[in-house]
Amino acid sequence: MAAIADGVRAGKLRARDVAAAYLDRIERFNHALGAYLLVDGEGALRQAAAVDSAVAAGRDPGPLAGVPLGVKDIFVTHGLETTCASKILRGFVPPFESTVTDRLGKAGAVTLGKVNMDEFAMGSSNENSARGLVRNPWSLQHIPGGSSGGSAAAVAASLCAGALGTDTGGSIRQPAAMCGVAGMKPTYGRVSRYGVVAFASSLDHPGPFGRTVEDVAALLEVMAGVDPLDATSIPAPVGAYRKAVQSGRGGGLKGLRLGVPEEYFQPGMDAEIEAAVRAALDDLGRAGAELLPVSLPHTKYAIATYYLICTAEASSNLARYDGVRYGLRAADAKSLEELYARTRGEGFGWEPKRRIMLGTYVLRAGYYEAYYGKALRVRRKIADDFTVAFTKCDAIVTPTSPVPAFRFGERMGDPLQMYLADIMTVAPNLAGIPALSQSCGFTKAGLPIGLQIIGPALGEEICFRVGGAYEARTDWHTRLPPEPATQTSSERAS
Amino acid sequence: MSTLEKHLQKYEVVIGLEIHAQLATQSKIFSWSSAAFGADPNTHTDPVCLGMPGTLPVLNHAAVDSAVRLGLAAGCKIRQRCRFSRKHYFYPDLPKGFQISQFDEPICDGGAITFRLRGEARSVRLVRIHLEEDAGKNLHAAAGVSFVDYNRAGVPLCEIVSEPDIRSAEEAAEYVRAVRALVRYLGICDGNMEEGSLRCDANVSLRLRGVQAYGTRTELKNMNSFKNVRDAIEHEIKRQAELLDRGERIIQETRLWDASRGITAAMRSKEQAHDYRYFPEPDLPPLVVDDAALAAARKSLPELPEDRFARYTIASGLSPQDAGVLVAEKEIAAYFDATVAAGAVPKRAANWVINEVLARVDDPRRLGDADLPIAPAALAELVALVEKGILSGKLGKDVFARMWTERRKAGDIIAAEGLAQVSDSGALEEACKRVVDANPDEAARFRGGKTQLMGFFVGAVMKETSGKANPKSVNEILRRLLGQG
């Protein structure tokens, strides 16, 4: 990514050529992977040409000049259909732009198109998209992870240089881990949510994907910062994230204390994953970090707490899809009630329906205190666990996912089992603290394994420093998945 | 005795009101669209107030200031840290499927509205005042086709919830009048009930006199004038009393006032128990009103209707009736104050404002218009001319009428037309003599005891002087000439 931006800025590389090359790869491989829902070739080439003319005119094209991005279809893009991979938003062409994509565009990045996801970001496997599934580039029979599976797969397969995702309970880190790329969920409020279709407002975190942690840092530097359109965004200066990566890569981790929470290394974890993460911890120790055990005693309540809060908020956020103003509207409804029931019945897939029902139950009169109110109190305790742990250590290191990417359909019949895929990632969302996932090895079957580095609130720089130090000592991030078979011309015609 | 009075001997009526005051902010409560009334449908909208996916609310602090000032004016306790909640229900005019409102932490607690009912002081306690966003408006075309105008969606509202302290339809209407006056004095709401910027719902129940427990209540909606408030409640009292008299039960329901038919009718065929599934709005941080903001709000409060009423009745010696008329609209009070400030005696000024000025405007709020035919200073000049006896009361009224239609000053009219009252005793003496001399028979009858004839002589002198004579002087001179002085 840096090579592209530097080359374009220096006039050695044309942004238009870069965009065209990526568009060509999308043309050849997206058919096999299903990562993109919508490719905006014309728009991408136009944006790239604007970057080139800025360079030619001697104007600063921005730090991400010509960097081609895949944008999760949850980000609202002006004039470009935004569906959240749901039938209910089919045909919705927004009249406004999300703050994040606006900032990236102004920094010279080029949007190639909208990438696939679990419907309304609900899922851990990308099997819940109304627009077809995404395949893991490392093994087409396996899921890419969810809900930002399209973003992770697109970066892994080089169908873009970087990508945007959102992470409500692990939806950036888990697919990053399963696809062997880097992804970060920043501190809550660090990145504006304006123009990011809401799933669970208090848990949704927009964040970047990249092949390396430095790519992730470069994107976050542009994405982050207070936004007057998001009252929950934080008015603190944006950190020097790339510098933090470089300092980790160069100077190592001397003086840094890394906590290893016992609760994240329980029996039942995939042995290959445990071995890879233990090896990564050794690497970090060799890089100068002091490793020490920490305890996060309320971790066992994280999944239950998470599902109470996220379903409650989702049932509320998804109430606006009623067929009145935009998106799908059931035909020939005889009454208002029928319009609502049929539009929502036809428009939402199973997972959003399940969560709307759960959330509605959780919030109903007389049950609020027993469920939502209690979940908020436990959430506080989970956040306090981290606060206490961070008095002893600077960052916490864990696996990102207890299991590698599983096969399609393997867990679809058992939603509870599916929800457990988020077990390593949900607690930082409940606490609103940053967490980075990067590649730390592969299973014997060739599936990527992820390492999670959790920092204190606004401690993105510490995560990046650790991530940079790890990347400097390993080469997992340089490995590329095999190229899928290209589509034949007859297939393309069909 | 009317039917209503008969019912009220048996039953006591218990009324609580919820008033929605639309705050007169420039932009909406959570977005940047104009909050102004009357634009073409859906022209005052933006992605946020339309509830488009991905949009987030950002609080307009002007709305908070308004609510805080209202709370202070009503003697509420201001909650300096409070939060917004989401209230869920499905309706086409509600873009997000929920309304951002306040639930367990309203911005104002308690307080009371004081006013007078037929001259008697009344106080209605408040439960709370909270902030919320308005919904849009459904427009029903023919043949089952409906449209929605979202211009109003997201306009800031203050909901003022009273305790069930109100005991009559008349009192309810006076209470609404008092709230309206208050928000208009504060300048936070234009109080226009027809345009919906002040809307009120009434909870009405009856109980047998002497009984403590409340009866089952119904909620009345759709009352867009003081008269509607009164009529709707009176109708509802009769309806409930008749049901209770027959031994039937009152159904808790929402009823709409139909002004054209003069009845309330159930809004829904079957009662729906709403579950609004309130929970704290996660997109908004807690709302904090710090001490400095509170102090500034307190300092910004104008003189309020009740304070003005006290000043008028105590310091200026006005009757409670007159003071009540003057404080009812802030424009009337301001006009009156300006007239007094320009030198008019308060009691006289009050008479002129109430009997002459108000009689000539269709809407009392027009008294605030800069192009009103008679400015307060011009009225003060006229009042002084009458007070000094330069104009008679009758001439004064004539001059007033001409000032109003011709937009001229009293002094100019008098000078141009020679209208000044003749108080010069020499000239009057002459005129009186002429009249007495010209009517010897009447003079003789008067002297013989027919004192009623004084009117005849005064009238004749007035005619002689083209109405310019000072009647008091004329009386004195005539009495003397006719041998009674």
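This is a guided tour of a predicted model, moving through chain A and then chain B one selection at a time.

**The centre of the chain A core**

Begin by selecting A:L104, A:F120, A:F386 and A:F464, which touch the most other members of the largest nonpolar core, a set of 164 residues. Keep A:L104 highlighted and show what surrounds it: setting aside neighbours within four places in sequence, A:L104 is in contact with A:L64, A:L69, A:A109, A:L164, A:L219, A:V222 and A:M223. A second, separate core holds 106 residues, among them B:A63, B:C82, B:A297 and B:A344.

Now widen the selection to helix α4 of chain A, residues 99–106, where A:T99, A:V100 and A:T101 are buried along with A:L104. The cover over the buried residues of α4(A) includes strands β2 (68–72) and β4 (162–167) and helix α7 (213–223) of chain A. Just past the end of α4(A), stop at A:G108, whose phi is positive at about 100°.

**Unusual backbone in chain A**

Most residues other than glycine have a negative phi, and most peptide bonds are trans. With that in mind, the next three selections are worth viewing with the backbone drawn as sticks.

Select A:A85 in the loop between β2 and α4 of chain A; although A:A85 is not a glycine, its phi is positive, at about 55°. A:A85 has a relative accessible area of 0%, and therefore counts as buried.

Move on to A:N126, which is found in the loop between β3 and α5 of chain A. A:N126 is another residue other than glycine with a positive phi, in this case near 60°, and its relative accessibility of 0% means that A:N126 counts as buried.

Then select A:G146 and A:S147 together, since the peptide bond joining them is cis, with omega about 0°. A:S147 lies in the loop between β3 (110–115) and α5 (149–156) of chain A.

**The end of helix α2 in chain A**

Select A:L33, which lies in helix α2 of chain A, residues 15–33. Is A:L33 buried or exposed? A:L33 counts as buried, because its relative accessibility is 1%, under the 20% cut-off. Beyond its neighbours within four places in sequence, A:L33 is in contact with A:L133, A:V134, A:R135, A:P137, A:L140, A:A157, A:L159 and A:P484. If you draw a distance from the C-alpha atom of A:L33 to that of A:V55, you will find 34 Å between two residues that are 22 apart in sequence.

**Helices α8 and α16 of chain A**

Two packed helices are described by the angle between their axes and the distance between the axes. Select helix α8 (residues 241–251) and helix α16 (residues 460–473) of chain A, which pack at an angle of about 40° with their axes 6 Å apart. That angle makes α8(A) oblique to α16(A), and the crossing is right-handed. On the α8(A) side, the contact is made by A:Y241, A:A244, A:V245, A:S247, A:G248 and A:R249, while α16(A) supplies A:E460, A:E461, A:F464, A:R465, A:G468, A:A469 and A:A472. By class, this contact of α8(A) with α16(A) has six nonpolar, three polar and four charged residues. A:F464 was also selected at the start of the tour, as one of the residues touching the most other members of the largest core.

**Helices α9, α10 and α11 of chain B**

Turn to chain B and select helix α10 (residues 376–387) with helix α11 (residues 393–406), whose axes come within 10 Å and cross at roughly 160°. That makes α10(B) roughly antiparallel to α11(B), and their crossing is right-handed. The residues in contact are B:A378, B:L379, B:L382 and B:V386 of α10(B), and B:G393, B:G396, B:V399, B:F400 and B:M403 of α11(B). This contact of α10(B) with α11(B) has seven nonpolar, two polar and no charged residues.

Add helix α9 of chain B, residues 346–357, in which B:A349, B:A350, B:W352, B:V353, B:I354, B:E356 and B:V357 are buried. What covers these buried residues of α9(B) includes α10 and α11, as well as α7 (320–327) and α8 (330–341), of chain B.

**A strand residue in chain B**

Finish at B:M223, in strand β13 of chain B, residues 218–223. B:M223 counts as buried, with 3% relative accessibility. Apart from neighbours within four places in sequence, its contacts are B:M193, B:C200, B:D201, B:A202, B:N228, B:V229, B:A232 and B:W257. As a last step, select B:D258, which is 35 residues from B:M223 along the chain, with 8.4 Å separating their C-alpha atoms.

Technical notes. Residues are numbered from 1 along each chain as its sequence is written. Chains are lettered from A and ligands numbered from 1 in the order in which they are written. This is a predicted model: local features need pLDDT of at least 70, side-chain atom pairs count only at pLDDT 80 or more; totals for chains, interfaces and linings use all residues. Side-chain values use heavy atoms; hydrogens and water are left out. Axes are lines fitted to C-alpha atoms, for helices over the stretch in contact, and angles run from 0 to 180 degrees between N-to-C directions. Helices (H or I, at least four residues) and strands (E, at least two) are DSSP runs, numbered from the N terminus. Angles under 35 degrees count as roughly parallel, over 145 as roughly antiparallel, 65 to 115 as roughly perpendicular and the rest as oblique. A crossing is left-handed if the near helix is turned anticlockwise from the far one by less than a right angle, and right-handed if clockwise. Contact means heavy atoms within 4.5 Å. Ala, Val, Leu, Ile, Met, Phe, Trp, Tyr, Cys and Pro count as nonpolar, Asp, Glu, Lys and Arg as charged, and the others, Gly among them, as polar. A nonpolar core is a set of buried Ala, Val, Leu, Ile, Met, Phe, Trp, Tyr and Cys residues joined through side-chain atoms within 4.5 Å. Buried means under 20% relative accessible area, exposed over 50%, partly exposed in between (1.4 Å probe, protein chains only).
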